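Trainee: I should like to take a close look at one part of this protein and to follow its connections outward. Please consider the entry shown here.

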Amino acid sequence: MRLLEVGAGLCAAALVVGALAAPAQAGTAPGSPAGQPSEPTAEALVAQDLRGAGWGLKDTGKTARFRGLAAVSRSTAWVAGSQGTVLRTMDGGRSWQDVSPPGAVAEGLELRDIEAFDARRAVALSIGEGEASRVLRTEDGGATWTETFRNPDPRAFYDCLTFFDARHGLAMSDPVDGRFRILSTDDGGRNWRVLPASGMPEALPGEAGFAASGQCLVSAGPRDVWLATGGGASARVLHSADRGLTWRVAESTVPAGDPARGVFALAFRDRTRGLAVGGDYRTGQASPQAAAVSSDGGRSWRQAAAPPPAYRSGAAWFPYSRGTALAVGPTGTDVTTDGGRSWRPLEPGSFDTVDCAADTGCWAAGEKGRVARLERR
């Protein structure tokens, strides 16, 4: 969206989730040196009642605002943000490497999304009108970067990236000629092409995506992808089951009708179960009904019975749990254990985005260089 700076208890009640990134206390692994504890398996931790879980802040040494986040594992994560900044950790956040693309830093690009395949390969998106929207790719842990796309159309403004696998991915732009524009790659982000607009429904007047957390375009499985909107008369979710060639649209229950309101983030656990969060990003503005849930792949949406108390810009599911997810925003973090029908406060503190890795390592990132990992205290 043409808004370059979108504004920015776990109740200790039997939260049964997958393994959180935390020091293991499960004895000694076979073959390990005596006295050295092993890390419990995800399967074992699924059955644990993780009371008192919360964010453990990790000192990045930076002041950039990180709206792009890719959780690779409990130990490895990438963040991308303002002034072309990209950081990577491979030791659980104890130390961070500044792997920023030199050109992005020099031009002060706004990096709002990053998708990482592992500790060495990542694709980052910078936002803005015309040539400010770019895609950058690294294959060597950020030692070098290649610009693989620079937007030639001054009417386009790219907001988010998503990848189905290590080869196939999409990026989305705000509407051009009345329809959202989709960019596609089938070689891991090395080359991109604009998909035909014929399969995209018409956009509403004023409708756009929010480049707030890298989660306005998300995928699940090999072909399904969803696009979140706001700014129009209604906040909508578009779904494609063929990697962006054709789309169908549904209205969410999240309030819109204003350029500052709508769905800011989506999270799909699989091709049927999804969450939508958002609201009004302006400080001090109420955001009632700021969460919705779908059980049919985004064809229909139901308002959360007990939504988060304020605007939320990011959401993520816990792996290995049937109904547990997190939502983050400038005023705090909330948790659901019933698939998004009701949300409870976890803790205060500002974050813009959240992501959980397959090994259940969960990370959050936001303003003033804030990055954290979810841990047991």
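In what order do the 4 strands of the open sheet that includes E1 stand, and is the pairing parallel or antiparallel?

Mentor: The model is a predicted one, and the description below should be read accordingly. The order of the 4 strands in this open sheet is E1-E28-E27-E26, and their pairing is antiparallel. Strand E1, residues 53-58, and strand E26, residues 353-356, occupy the edges; each has a single partner strand, so one side of each has no neighbour in the sheet. From one strand to the next, the twist averages 30 degrees. In general terms, the strands of a sheet pair through backbone hydrogen bonds, in either a parallel or an antiparallel manner.

Consider next the contact between E26 and its partner. E26 pairs with strand E27, residues 362-365, in the antiparallel sense over 4 bridges. Within this pairing, cysteine 356 has cysteine 362 in E27 as its bridge partner. These two residues are also joined covalently: a disulfide links cysteine 356 to cysteine 362, with an S to S distance of 2.1 Å. The angle about the S-S bond is 110 degrees, and the link is right-handed. As for solvent exposure, both cysteine 356 and cysteine 362 are buried.

This disulfide has one counterpart elsewhere, as a search of the whole structure finds 2 disulfides. The other joins cysteine 160 to cysteine 216, at an S to S distance of 2.0 Å. Because the torsion about the S-S bond of cysteine 160 and cysteine 216 is about 120 degrees, this disulfide is right-handed. Cysteine 160 belongs to strand E10, residues 158-163, while cysteine 216 is in the loop between strand E13 (193-194) and strand E14 (217-220); the pair therefore ties together parts that lie 56 residues apart in sequence. Both cysteine 160 and cysteine 216 are buried. When the bonded cysteines of the chain are numbered in sequence order, the pairing reads 1-2, 3-4.

E10 leads to a further sheet. This open sheet of 4 strands has the order E10-E11-E12-E13, again with antiparallel pairing. Its edges are E10 and E13, each with a single partner strand, so one side of each is left without a neighbour in the sheet. Strand E12, residues 179-185, pairs with E13 in the antiparallel sense over 2 bridges, and serine 184 has arginine 193 in E13 as its bridge partner.

Both E26 and E10 also contribute to the largest pocket. Its space amounts to about 960 Å³, and its lining consists of 38 residues, of which Glu115, Phe163, Ser219, Asp355 and Cys356 lie nearest the centre. The elements that give two or more residues to this lining are strand E2 (66-71), E6, E10, E14, strand E18 (261-268), strand E22 (314-317) and E26. Cysteine 356 is thus a point at which several features meet: it is bridged to cysteine 362, joined to cysteine 362 by a disulfide, and among the residues nearest the centre of the largest pocket.

One loop beside E6 completes the picture. Leucine 109 is located in the loop between helix H2 (102-107) and strand E6 (110-116). Its relative accessibility is 7%, so leucine 109 counts as buried. Leaving aside residues up to four places away in sequence, leucine 109 touches Gly81, Ser82, Gln83, Gly84, Ala104, Ser126, Ala132 and Arg134. Leucine 109 and serine 133, 24 residues apart in sequence, have a C-alpha to C-alpha distance of 8.7 Å.

How values were computed. Residues are numbered from 1 along each chain as its sequence is written. This is a predicted model: local features need pLDDT of at least 70, side-chain atom pairs count only at pLDDT 80 or more; totals for chains, interfaces and linings use all residues. Side-chain values use heavy atoms; hydrogens and water are left out. Two strands pair if DSSP finds at least two bridges between them. Axes are lines fitted to C-alpha atoms, for helices over the stretch in contact, and angles run from 0 to 180 degrees between N-to-C directions. Buried means under 20% relative accessible area, exposed over 50%, partly exposed in between (1.4 Å probe, protein chains only). Contact means heavy atoms within 4.5 Å. A disulfide is a pair of cysteine sulfur atoms within 2.5 Å. On a 1 Å grid over the protein atoms alone, a cavity is a set of points where a 1.4 Å probe fits but cannot get out, and a pocket is an open set with protein on both sides within 12 Å along at least five of seven lines; lining residues have an atom within 4 Å of a point. Grid points are joined across faces, edges and corners, and a volume is the space filled by probe spheres set on the points.
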